[in-house]
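Visitor: I would like to go through this model with you step by step, beginning with its surface and then turning to its overall form.

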Amino acid sequence: MLTKIRRFFESDDGATAIEYGLIAALISVAIIAAVTLIGDQLNTTFTTIGSSLSNANS
């Protein structure tokens, strides 16, 4: 029984899975931040284009 407990505490299989999970989470946060930043810039660009087209049509 003591051997099983010792093996449990010496095992690092779970640590690898946690590391991969953390890496995936950080990549997800970076993607969300990039899309949010680009989305705001695109919204500004299309608003400017829409205003210019509206003024040109008048």
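Visitor: Which residues form a nonpolar patch on the surface, and about how much accessible area do they have together?

Guide: The model is a predicted one, and the patch is described on that footing. The residues that form this nonpolar surface patch are Tyr 20, Ile 23, Ile 27, Ile 31 and Val 35. Taken together, their accessible area is about 530 Å².

Visitor: Does Tyr 20 count as buried or exposed, and what is its relative accessibility?

Guide: Tyr 20 is placed in helix H2, which covers residues 13-57. Because the cut-off for exposed is over 50% relative accessible area, Tyr 20 counts as exposed, its relative accessibility being 58%.

Visitor: How many helices and how many strands does the chain have?

Guide: One element of the secondary structure is helix H2, spanning residues 13-57. For the chain as a whole, the secondary structure comes to two helices and zero strands.

Visitor: Why is the chain said to be more spread out than a compact globule, and what is its radius of gyration?

Guide: The C-alpha atoms, taken along the principal axes, fill a box of roughly 85 × 10 × 10 Å. For 58 residues the globule rule gives 10 Å, and the chain is well over that value, so it is more spread out than a compact globule, with a radius of gyration of 26 Å.

Visitor: What percentage of the residues count as buried?

Guide: To count as buried, a residue must have under 20% relative accessible area. The chain exposes about 5,400 Å², with carbon and sulfur atoms supplying 68% of that area. Of its 58 residues, the share that counts as buried is 0%.

Visitor: Where does Ala 30 lie, and how far apart in space are Ala 30 and Met 1?

Guide: Ala 30 has its place in helix H2, and with a relative accessible area of 46% Ala 30 is partly exposed. In sequence, Ala 30 and Met 1 are 29 residues apart, while in space their separation, C-alpha to C-alpha, is 45 Å.

Visitor: What distance separates the C-alpha atoms of Phe 46 and Ala 24?

Guide: Phe 46 also lies in helix H2, and at 55% relative accessibility Phe 46 counts as exposed. Phe 46 and Ala 24 are 22 residues apart along the chain, and their C-alpha atoms are separated by 32 Å.

Technical notes
Residues are numbered from 1 along each chain as its sequence is written. This is a predicted model: local features need pLDDT of at least 70, side-chain atom pairs count only at pLDDT 80 or more; totals for chains, interfaces and linings use all residues. Side-chain values use heavy atoms; hydrogens and water are left out. Patches are made of residues with over 30% relative accessible area and no salt bridge: like charges are joined within 9 Å, nonpolar side chains (Val, Leu, Ile, Met, Phe, Trp, Tyr) within 5 Å. Accessible areas come from the Shrake-Rupley method with a 1.4 Å probe; for residues, only the protein chains shown count as cover. A salt bridge is a side-chain nitrogen of Lys or Arg within 4 Å of a carboxyl oxygen of Asp or Glu. Helices (H or I, at least four residues) and strands (E, at least two) are DSSP runs, numbered from the N terminus. Buried means under 20% relative accessible area, exposed over 50%, partly exposed in between (1.4 Å probe, protein chains only). The radius of gyration is taken over C-alpha atoms; the globule rule is 2.2 Å times the number of residues to the power 0.38.
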